[in-house]
Amino acid sequence: GHPFFAYRDGQLFAGDVSVAQLAAQYGTPLFVYSQAAMRHALDGYRRGFAGHQVKIHYAVKANSNLAILQFFAREGCGFDIVSLGELQRVLAAGARPEDVVFSGVGKTRHEMRVALTHGIGCFNVESVPELHVLNQVAGELGVQAPISLRVNPDVDPQTHPYISTGLKGNKFGISHQDAVATFALAASLPHLRVRGIDSHIGSQITTEAPFLDALDRLLDIVEQVEAAGIPIHHIDCGGGLGIHYSDQLPPATETLWQKMFAKAQARGFADRAFMVEPGRSLVGNAGICLTEVLYLKPGEEKNFCIVDAAMNDLPRPAMYEAFHAIVPVQQASEADATAAVVYDVVGPVCESGDWLGRDRALHVAPGDWLAVCSAGAYCMSMASQYNTRPKATEILVDGSTAHCIRQRDDFAALVAGEILL
Ligand code: LLP
């Protein structure tokens with residue numbers, strides 16, 4: 001499923017680089033990303049967008065390493081950010097402020113001020129109180145804030161409840177029924193300039209229908225808002241497209257977007273400026289995490305394969321019971337593979353929730369390396385230093401070149417900012 005990480009003579013490669021060599025050189029846990037895989041994912045969007053005006057705003061939260069952001073900036077992408085820290089990251093990576101949109105339900109006045117001072121492209125506003133605060137902050141600075149309203153289309157994305165965001169019952173966006181009135185309010189506020197509409201209905205969505213339904217609901221609102229005399233410059237469809245972790249078959253980006261534009265066309269909106277905010281679908285399958293087998297611990301009910309990566313490095317299994325494929329760096333021979341044992345793959349952190357995979361058939365010995373797959377999105381960006389474990393090293397492979405894009409935390413990094421009495 002992940003052609004950018006493939007076996008050659010039984011050894012796992014990222015591009016033209018042997019990942020065993022990387023593990024030996026840099027130690028583990030080690031994240032390895034494939035630049036070719038990221039470009040391939042981008043190309044899927046670009047093909048789907050052919051002939052239309054669409055700007056890709058990479059959702060920084062999926063993987064916020066500076067070099068990854070730099071890659072997307074060089075590819076001509078904008079960015080979807082949700083904090084001052086993410087703004088500082090994208091600026092440090094070479095983004096132009098006008099190519100940045102600012103999402104999130106809890107923007108502070110300080111964040112608004114800094115973003116306005118830099119000349120950010122758009123605020124994706126999520127509530128009426130936020131509109132008033134932004135209007136005030138912009139007024140104090142003597143500027144007009146470009147805004148879009150995030151509308152909650154009340155569409156079920158059929159994904160994990162923790163990562164579905166477009167239903168009535170959650171904290172995101174302005175409800176569908178209040179949308180038109182809220183646009184009228186926004187247009188009446190002197191220090192705001194209405195630019196667009198946006199929605200983001202959830203993440204790891206693996207069917208087309210929720211995207212198409214949400215677009216229909218958005219276009220209904222655009223029609224009404226424009227009938228009320230408020231022009232909508234851009235339509236931002238958010239992110240959320242799922243990736244292949246195990247048996248999911250998400251729609252191909254290109255086909256999905258051809259269908260989206262067929263709908264936009266049918267409704268007379270195909271010549272509009274569109275935006276998207278993908279995160280996972282650009283980086284998720286572009287990364288693996290290498291880990292070393294420390295101990296094998298047979299048990300009465302379960303066998304444990306204890307590895308040196310943990311929930312602090314790869315929080316998704318602990319948080320969402322998410323599945324990540326786990327494969328050997330050196331493929332077992334056929335004879336060995338039949339002698340595989342079923343293990344729970346667990347980390348060294350002192351929590352029962354610290355597991356990376358359950359009931360995995362593996363033929364392994366201490367000292368072997370394993371690769372946790374589909375680890376490019378929401379792994380390193382959600383990593384912590386829990387148990388005072390250093391955050392991992394990250395490598396970006398481009399063909400036969402391996403760039404180290406983050407060094408492992410040392411003790412100084414682990415205690416940075418702390419002050420003894
Ligand atoms: N735009 C907005 C406003 C968002 O809230 C998100 C993600 C995205 C775009 C990007 O969505 P994506 O294309 O990556 O699905 N930590 C969870 C995922 C949380 C997603 C939060 N919002 C996980 O590991 O599955």
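**Figure 1. The ligand and the 20 residues that surround it.** In this predicted model, the residues closest to the ligand are Ala59, Ser203, Gly239, Gly279 and Tyr378. By class, the shell around the ligand holds seven nonpolar, nine polar and four charged residues. Two helices stand out in this view: α10 (280–283) and α11 (316–320) each supply at least two residues of the shell. Both domains take part. Domain 1 (5–33 + 284–414) gives at least three residues to the shell, and domain 2 (36–283) also gives at least three.

**Figure 2. The protein as a whole, with its two assigned domains.** The protein has 13 helices and 21 strands. The domain assignment gives domain 1, made of residues 5–33 + 284–414, and domain 2, residues 36–283. Their C-alpha centres are 32 Å apart. Along the principal axes, the C-alpha atoms fill a box of roughly 70 × 60 × 40 Å. The radius of gyration is 23 Å; a compact globule of 421 residues would have a value near 22 Å, so the two agree. Buried residues make up 47% of the 421. Among contacts with a separation of 6 or more, 70% join residues 24 or more positions apart.

**Figure 3. The contact between domain 1 and domain 2.** The domains are 5–33 + 284–414 for domain 1 and 36–283 for domain 2. Each side is built from a set of residues: 21 from domain 1 and 21 from domain 2. On the side of domain 1 that touches domain 2, the elements giving two or more residues are strands β20 (393–398) and β21 (401–406). The largest share of that side comes from β21, with three residues. By class, the domain 1 side has 10 nonpolar, nine polar and two charged residues.

**Figure 4. The largest nonpolar core, with 121 residues.** The residues with the most contacts inside this core are Val32, Leu134, Ile147, Leu290, Val372 and Ile395. Helix α8 (residues 209–227) gives the most to the core, with eight residues. Domain 1 and domain 2 both give residues to the core, so it lies between them. In soluble globular proteins, nonpolar side chains tend to be buried together.

**Figure 5. Leu134 and its contacts.** Leu134 is one of the residues with the most contacts inside the largest nonpolar core. Neighbours within four places in sequence are left aside here. Beyond those, Leu134 is in contact with Met112, Phe123, Val125, Ala145, Ile147 and Leu192. Ile147 also belongs to the group with the most contacts inside the core.

**Figure 6. The cis peptide bond from Thr28 to Pro29.** Omega of this bond is near -5°. Pro29 sits in the loop between α1 (19–26) and β4 (30–34). Most residues other than glycine have a negative phi, and most peptide bonds are trans.

**Figure 7. Glu321 and Asp359, two residues with positive phi.** Phi of Glu321 is near 55°. Glu321 is in the loop between α11 and β16 (326–328). Glu321 counts as exposed because it has 11 C-beta neighbours inside 10 Å, and the limit for an exposed residue is 12 or fewer. Phi of Asp359 is also near 55°. Asp359, however, is placed in strand β18 (residues 355–362). With 10 C-beta neighbours inside 10 Å, Asp359 counts as exposed. Neither residue is a glycine.

**Figure 8. Glu208 in the loop before helix α8.** The loop that holds Glu208 runs between β11 (192–198) and α8. Glu208 is partly exposed, since 16 other C-beta atoms lie within 10 Å. Not counting residues up to four places away in sequence, Glu208 touches Pro251, Leu256 and Lys259. Ala184 is 24 residues from Glu208 along the chain, and their C-alpha atoms are separated by 31 Å.

**Figure 9. Thr388 in the loop between β19 and β20.** Strand β19 covers residues 369–372. Thr388 counts as exposed, with 10 C-beta neighbours inside 10 Å. Val415 is 27 residues away along the chain. The C-alpha atoms of Thr388 and Val415 are separated by 8.8 Å.

Methods:
Residues numbered from 1 in each chain as written. Predicted model: local features only at pLDDT ≥ 70, side-chain atom pairs only at ≥ 80, totals over all residues. Core = buried A, V, L, I, M, F, W, Y, C linked by C-beta atoms within 7 Å. Buried ≥ 20, exposed ≤ 12 C-beta atoms within 10 Å, placed from the backbone. Helix = DSSP H or I, 4+ residues; strand = E, 2+ residues; numbered from the N terminus. Domains from an automatic or database assignment. Contact = placed C-beta atoms within 7 Å. Near = placed C-beta within 6 Å. Nonpolar A, V, L, I, M, F, W, Y, C, P; charged D, E, K, R; others polar. Rg over C-alpha atoms; globule rule 2.2 N^0.38 Å.
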